[in-house]
Amino acid sequence: MQGGSNRLLTPAEVADWLKVSEVTVRNRYRTWGLKAQKVGRLLRFRERDIVAYLDSRYG
């Protein structure tokens, strides 16, 4: 099982975690290979996907 939870994170929370700006997350998440969820018109990311991304890049 992957680390992290199914908790949905906002782009601002992901940006804080990755130490980049929120605009960078919104513009680059596709090129980074991050999966995003749309909740209505809002963009959200699963915590486990961010953990998996960090593990694959820096783990």
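Let's start inside this predicted model with Tyr 29, a residue whose relative accessible area is just 9%. Since anything under 20% counts as buried, Tyr 29 lands in the buried class.

What does the ring of Tyr 29 pair with? A search of the whole structure turns up two aromatic pairs. In one of them, the ring centres of Tyr 29 and Phe 45 sit 5.4 Å apart with their planes at 80°, so this pair is edge-to-face. The reasoning is simple: planes over 60 degrees apart get that label. The pair also links distant parts of the chain, as Tyr 29 belongs to helix 2 while Phe 45 belongs to strand 3 (residues 42–46), 16 residues apart. Phe 45 is buried too, with a relative accessible area of 0%.

Stay with helix 2 for a moment, and turn from rings to charges. Helix 2 covers residues 22–32, and it holds both Arg 26 and Glu 22, four residues apart, or about one turn of the helix. Their side chains meet in a salt bridge, with an N to O distance of 3.3 Å. How covered are the two partners? Arg 26 has 40% relative accessibility and so counts as partly exposed. Glu 22, with a relative accessible area of 33%, is partly exposed as well.

The structure holds two salt bridges, so where is the other one? It joins the side chains of Arg 7 and Glu 47, again at 3.3 Å from N to O. Here the partners come from distant parts of the chain: Arg 7 is in the segment before strand 1, Glu 47 is in helix 3 (residues 47–58), and 40 residues separate them. Is each end buried or partly exposed? Arg 7, at 45% relative accessibility, is partly exposed, whereas Glu 47, at 17%, counts as buried.

Step one residue along from Arg 7 and you reach Leu 8, in strand 1 (residues 8–9). With a relative accessible area of 34%, Leu 8 is partly exposed. Which residues join Leu 8 in a nonpolar patch on the surface? The partners are Val 39 and Leu 42, and the three together have about 230 Å² of accessible area. Leu 8 qualifies for such a patch because its 34% is over the 30% that patch residues need.

Technical notes
Residues numbered from 1 in each chain as written. Predicted model: local features only at pLDDT ≥ 70, side-chain atom pairs only at ≥ 80, totals over all residues. Heavy atoms only, no water. Patch = residues over 30% accessible without salt bridge, like charges linked within 9 Å, V, L, I, M, F, W, Y side chains within 5 Å. Areas by Shrake-Rupley, 256 points an atom, 1.4 Å probe, with all protein chains shown as cover. Salt bridge = Lys/Arg side-chain N within 4 Å of Asp/Glu carboxyl O. Helix = DSSP H or I, 4+ residues; strand = E, 2+ residues; numbered from the N terminus. Buried < 20%, exposed > 50% of the residue type's maximum accessible area, 1.4 Å probe, protein only. Phe/Tyr/Trp six-rings, centres within 6.5 Å; stacked < 30°, edge-to-face > 60°.
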